[in-house]
Amino acid sequence: MTALLRMLGRYRRAIVLASALLLSFLLMTLQVRHDTAVVTFTRQALLLVVSPFIKITAATIHGVTSTWQDYVDLRTLREENKRLQLEVSTLKRRLDQLQEQALETQRLQRLLAMRDSSQAEFLTARVVGKDATNWFKTILLDRGSMEGVRRNQPALAPNGLVGRVVEVTPASARVQLLTDPVSAVGGLIQRTRVTGIVSGNLGAGARVRYLPLMADVAVGDEVVTSGMGGLFPKGIPIGRIATVERKSGALFQEATLTPGVDLSRLEEVLILKGLEVREGFESGTGRRQ
Amino acid sequence: MSWFLPGLLLCVIAQAVLLGPLSLMEIRPDLFLLLVILVSRRSSPEAATILGFLIGLCQDALSGAPLGLHAFTDSLMGFVVARLSRHLYTDKPFALLWFLLGGSAAASGIRLALLTFFLGPPPLLPALLWVIIPEALYTAAVGLLILSLPQIRAALTRTV
């Protein structure tokens, strides 16, 4: 027993390192292969703890920034025109607010128009955070299961598809963007009705894979959701073909796609509720299922 | 180590919210890795491994990554940095820059290998061009600034 303890003490560094690496490897294996309750619980618990801080920070950043800007402006004012400068500053702030409100109204009107044109039920959510790594493309929303958000519900913007909900906590949800490297969405070239799979890319934009070799695909073609796979309704705009690649000897042709939505500047999204969703090829690799 | 939890919380908020406007080509510096390096420089290898594991786990929960991906690399980085910190002259800016560049690139390389193992091979060239190299450069630049702050402050004090 003493010898064992002495050995543990002697090799404690190696034991700690090996345990940490083994545990990490085990967690990844569990999630990717089986997605057990332990992994889901750990993810949701950690997200539940930090998401309020993220939401509060996102909500106060705008206020703090404008207050700080006001403070800096006021410090540099000359005494003799202080009152005038203050008035100008107030008017500018008001104008900024009105412009911001006008832009927000414009965005919300477009969302509303989109919602009214569809029979489905929508929920508006604000984007409060981005993915903490550069390897994956996900966003954090300020709505969760308490407002009816469920996993696999599609997220949309006025110009088209954003992605799908992959993780839900009571007050927040994570959306996997269509440019995430492990995302896969059934796509349809609108002009020629050719189907392919729109998947994420590590660079900018996305790729359309598995397009038949002889299919008519051209730069500028509009791509919409095909409805196959069961996650996304048919006909939601995804983006436009940017380049077409036909490699010699390949079984399929591929194309790069520019998403219709500027996914780096999202502020609000619509969550499509009330759809009966089921697992399919659109769900990506199977992780977090 | 009383600043560990506030530092981790600051990292979480900065990485998820504050760094958005500062991203270059959609790439942000890996603040979690910098926190691992900061923590590990002053800890024993055992403590650095455990703290690296916790930091990585937190980063995984805040991203679309499989849980354990960053925990694996960060615990390994914590261990290596804690072991090497006594043998490296990391107060020299140029050496520090290379150390950070190498550390970030090595961590990304291990992540790429793990992603290949679990999710299938991602395209190597885009991974290098769009993630690994820009992330290493950005992380090293920000890390150099953060780790040089004491020297900058000392130089300013001497000047004043």
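A:Tyr210 lies in strand 8 of chain A, and in this predicted model A:Tyr210 has a positive phi of about 60° although it is not a glycine. Most residues other than glycine have a negative phi. As for its surroundings, A:Tyr210 counts as partly exposed, because it has 13 C-beta neighbours inside 10 Å.

There is a second residue of this kind in chain A, and I would like to put it beside the tyrosine. A:Asn152, which is likewise not a glycine, has a positive phi, near 80°, and its place is in the loop between strand 2 and strand 3 of chain A, where strand 3 covers residues 154–157. Is A:Asn152 buried or exposed? A:Asn152 is buried, since 20 other C-beta atoms lie within 10 Å, and the cut-off for that word is 20 or more.

Let me go back to strand 8 and its setting. Strand 8 of chain A, residues 206–212, pairs with strand 7 of chain A, residues 195–200, in the antiparallel sense over four bridges, and in strand 8 the bridge partner of A:Val198 is A:Val208. Both strands belong to a closed barrel of six strands in chain A, which runs 6-7-8-11-10-9 with antiparallel pairing, and from one strand to the next the twist averages 40°.

Turning to chain B, I have one pair of helices to show you. Helix 2 of chain B, residues 31–40, packs with helix 6 of chain B, residues 124–147, at an angle of about 40°, and their axes are 10 Å apart; that angle makes helix 2 of chain B oblique to helix 6 of chain B. The crossing of these two helices of chain B is right-handed. On the helix 2 side the contact is made by B:Leu33, B:Leu34 and B:Ile37, and on the helix 6 side by B:Thr139, B:Val142, B:Gly143 and B:Ile146. By class, the residues of this contact divide into five nonpolar, two polar and no charged.

Finally, how many residues does each chain bring to the contact between chain A and chain B? Chain A brings 44 residues and chain B brings 42 residues. On the side of chain A that touches chain B, the elements that give two or more residues are helix 2 (12–34), helix 3 (37–75), strand 1 (121–130) and strand 2 (138–141) of chain A, and helix 2 of chain A gives the most, with twelve residues. That side of chain A has 24 nonpolar, 13 polar and seven charged residues.

Conventions. Residues are numbered from 1 along each chain as its sequence is written. Chains are lettered from A and ligands numbered from 1 in the order in which they are written. This is a predicted model: local features need pLDDT of at least 70, side-chain atom pairs count only at pLDDT 80 or more; totals for chains, interfaces and linings use all residues. Two residues are in contact if their C-beta atoms, placed from the backbone, lie within 7 Å. Ala, Val, Leu, Ile, Met, Phe, Trp, Tyr, Cys and Pro count as nonpolar, Asp, Glu, Lys and Arg as charged, and the others, Gly among them, as polar. Axes are lines fitted to C-alpha atoms, for helices over the stretch in contact, and angles run from 0 to 180 degrees between N-to-C directions. Angles under 35 degrees count as roughly parallel, over 145 as roughly antiparallel, 65 to 115 as roughly perpendicular and the rest as oblique. A crossing is left-handed if the near helix is turned anticlockwise from the far one by less than a right angle, and right-handed if clockwise. Two strands pair if DSSP finds at least two bridges between them. A residue is buried if 20 or more other C-beta atoms lie within 10 Å of its own, exposed if 12 or fewer, and partly exposed in between; C-beta atoms are placed from the backbone.
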